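Welcome, and please open the structure in your viewer. We will go from stop to stop, with something to select at each one.

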Amino acid sequence: MEPLIRCENVSKSFGEKVALDGVSLDIPEGKIFGLLGPNGAGKTTLIRIINRITIPTSGAVYFKGEPITDEVVARIGYLPEERGLYRKMKVGDQAMYLAQLKGMSAREAQEALKEWFIRFDIKDWWGKKVEELSKGMAQKLQFITTVVHKPSLMILDEPFSGFDPVNADLIRKEILRLKEEGATIILSTHNMESVEELCDEIALINKSHLVITGGVEEIRRKYGNNNVEVEYTDTEGRHSEVLPVPEGGTTNDVLTTLIGDGKVVNSFRELMPRMNDIFIKLVTEE
Amino acid sequence: MNLHKLGIIIGREYLNKVKKKSFLIITFVAPVVFAALCILPSLIMMGAKEETKKVAVVDASGLVLPTLENTDVVAYYDFTGRDVDSLKTALDAVGMDVVLDISPLDSVQRTVTAHTYSAKPLGMETSQIIENRINDAIETYRIESYKIKDLDKIMSEVKSNIHLVSYTVDDSGKESISESSVYMVISMLLGMALYMFIALFCGMVMSSVIEEKSSRVVEVLVSSVKATELMFGKIIGVALVALTQFLLWILLTGAILAVAAGIVGKDKIAALTGGGNPTEMVQQMAPGVNVPGMDVADLGTLLPAADTTAVAADSTAVAEPTGMEAIFSTLGNLDYGTILLAFLLYFIFGYLLYASMFAAIGSAVENEADTQQLQIPVTIPLLLGFFIAIYAFKAPESQIVFWGSMIPFTSPIVMLARLPFGVPTWELILSVAILIGTFALFAWMSAKIYKVGILMYGKKSTFKDLWKWLKQK
């Protein structure tokens, strides 16, 4: 299947400084795609190239095989990491302004925003000034303005920062719901737990290079040490142990050995490395 | 450019600024101040005559006292022979306001010294009158001492008081009276107004850019619209704010003056203001113009009866237009259509040129405090324009003024200052064309800097950075 976004050999330099060096990757449609990397790796630059804020020095980005046009940009929703609002503006005016800049008519914007305000339970904020909002409240408003025009591609840069656990969960559910509805989501985050939980595929960028890209499960398996965690009971009582899978064998071989030894297996789990560990391993190895 | 989005940006910028309290206050308070400036000085001059000062004169010379005559302002009482020191402390007791102590005549220098003592300081008018009287008395004494027959008469005949009447002559030989002080004042007002407005509204553009950058709203915006659309939307939005303000100022000032005219009486206001504040300024600046007693309801015609203190009551002087008439005549001869058109053109393009530069500077910084250094090369030409404009109303034909009115960074201010003195049409057209061309060039360059600048955080930007951004593809 043709990817929604294809980056071909994208490079960007600011004078002497190289921010991206020949990055090629595919972002499949209808998936949540994690864009990972340490601070300053070039993630933001790549995002800005995808939504055409910045023009690449060389290489190109394609949307369904076509160069990115104004129409495409209008169908992207972008929540930058460093995000802000006009402090002196009213919440409703602000939301209307941003929605209209995305090409919605005043009426469409009003209707869609009302719906979102009800969904997020923030109806009474419409006439408030932005400066009266707490950080979490402002984040909610920003999330709404990112998705209100029903974008087919959403780029969310650290969407959970600034949220309490309850609201972070609300956003998590919204992201999954939007995916259900067919949207493609690029999720840039340092929160590896949410990557494991939400992302279908990832790309890891470090020092302006692409380090790895692919499915999350696939990568975790690839970097796994092939261990299993078992709990079993024998004559001496209950034990918990991590056992290696023999070279060339499968996890079943471990199980067979245990059962053959007359042990009662209570739990058995293939040990997958955490994304966190893979991240650290790949970034520090470079 | 997506015009629809540009419109949305302009709309937000405009409404946001126009709804601000500070805009409303300035818009509604300034006309009151303008109108007050028009009316008040004259009202004060008319109504607030100083109370008559009672002066106790102790004249040891015997020369001054006989020549003193009471006026509305000063009444003299003879206290000669009394002790000055005791009088000083007992002014209230004798019912006097001032002691005037005149020394005996110095027979060598043939002069006297004079002092006044009073509880409250003397007003300028009062002390001027007293001083003049003493001088007159001493002069009369000296003239008489020559013992030449009729010398005082000869002296008064010799005295001269000429007012220079200037005409401008065009090719067809048509003469129009020109009072250079009028040109100077109008020229100064126009130059100053343009400088102030450009500085004010460009500052507005810059802080608006900085606000978007420092509040980090800008990255969301440029993901929806092009950076150039954002920049020009902002510049145009503020320009509309400026034009709205001008319009409201003119309407409100007019309305207030009209209402004031209704209350005070039309003739008086017309006489007081001469139909607009420039005249008022002229009245204050041009010495020898007696405002209170004047009747100038009919501005267009020359008024032989106008009372000007400077002109001697000499029958030959009446045929020549006198100071006040010259002023009104000059005002009547100004080409207001051209001035208004030029004001709008130079304001709009001068503003656009500077606003695009200020937008570029705003894009390079994260808060207003950091603008100082980057602002210098932009504010200096603007200031220079202002200084050349000052020169323009002193010497409108000089080389520096000509070049100042051609160079686009100073031309809006300098050309406006030149305008009342008359500028050839080709110079006007050339100057506006250069200005528009330069604006186009600088708008393009500023947009390039702005595009990169608004997304640059952290490091404080320098000119080197701006130059790099300009060259970036």
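## Where the chains meet

This is a predicted model. Start by showing both chains: 17 residues of chain A are in contact with 14 residues of chain B. On the side of chain A that touches chain B, select β6 (76-79) and α3 (91-101), since each of these elements of chain A supplies at least two residues there. Which of them gives the most to this side of chain A? Helix α3(A) does, with four residues. Now colour this side of chain A by residue class, and you will find nine nonpolar, four polar and four charged residues.

## Strand β6 of chain A

Stay with β6(A) and show its side chains. I76(A) and Y78(A) point one way from the strand, while G77(A) and L79(A) point the other way. Are these four residues buried or exposed? All of them are buried.

Next, add strand β7 (residues 153-157) of chain A, which pairs with β6(A) in the parallel sense over four bridges. To line the two strands up, look for L79(A), which stands opposite L156(A) in β7(A).

## A four-stranded sheet in chain A

Move on to an open sheet of chain A, whose four strands come in the order β2-β1-β4-β5 with antiparallel pairing. Look at its edges: β2 (17-27) and β5 (66-67) of chain A each have a single partner strand, so one side of each is left without a neighbour in the sheet.

Then select strand β1 (residues 5-14) and strand β4 (residues 58-63) of chain A, which run antiparallel and are joined by five bridges. A handy marker is E8(A), opposite A60(A) in β4(A). Add helix α1 (residues 43-50) of chain A and you will see that this helix lies across β1, β2 and β4 of chain A, running at about 120° to β1(A).

## A three-stranded sheet in chain A

The next stop is an open sheet of three strands in chain A, ordered β12-β11-β13 and paired antiparallel. At the edges are β12 (237-244) and β13 (264-271) of chain A, each pairing on one side only. Ignoring direction, neighbouring strands of this sheet are turned by 15° against each other on average.

Select strand β11 (residues 227-234) of chain A together with β12(A): eight bridges join these antiparallel strands. Within the pair, V230(A) stands opposite E241(A) in β12(A). Which strands does helix α9 (residues 251-260) of chain A lie across? The helix crosses over β11, β12 and β13 of chain A, and it runs at about 160° to β13(A).

## Over to chain B

Colour chain B by its domain assignment, which gives domain 1 (3-34 + 180-249 + 329-471) and domain 2 (51-149). The C-alpha centres of these two domains of chain B lie 58 Å apart.

Now pick T27(B), found in helix α2 (residues 21-47) of chain B. T27(B) counts as partly exposed because it has 18 C-beta neighbours inside 10 Å. Leaving out residues up to four places away in sequence, T27(B) touches Q245(B) and L248(B). Its C-alpha atom is 9.2 Å from that of T244(B), although the two residues are 217 residues apart along the chain.

## Last stop: two helices

Finish with helix α18 (residues 425-453) and helix α19 (residues 463-471) of chain B, whose axes come within 8 Å and cross at roughly 105°. The two helices α18(B) and α19(B) are therefore roughly perpendicular to each other. Show the side chains where they meet: M445(B), K448(B), I449(B), V452(B) and G453(B) come from α18(B), and L466(B), W469(B) and L470(B) from α19(B). By class, this contact has six nonpolar, one polar and one charged residues.

Notes: Residues numbered from 1 in each chain as written. Chains lettered and ligands numbered in written order. Predicted model: local features only at pLDDT ≥ 70, side-chain atom pairs only at ≥ 80, totals over all residues. Contact = placed C-beta atoms within 7 Å. Nonpolar A, V, L, I, M, F, W, Y, C, P; charged D, E, K, R; others polar. Axes fitted to C-alpha atoms, helices over the stretch in contact; angles between N-to-C directions. Parallel < 35°, antiparallel > 145°, perpendicular 65-115°, else oblique. Pairing = 2+ DSSP bridges. Domains from an automatic or database assignment. Buried ≥ 20, exposed ≤ 12 C-beta atoms within 10 Å, placed from the backbone.
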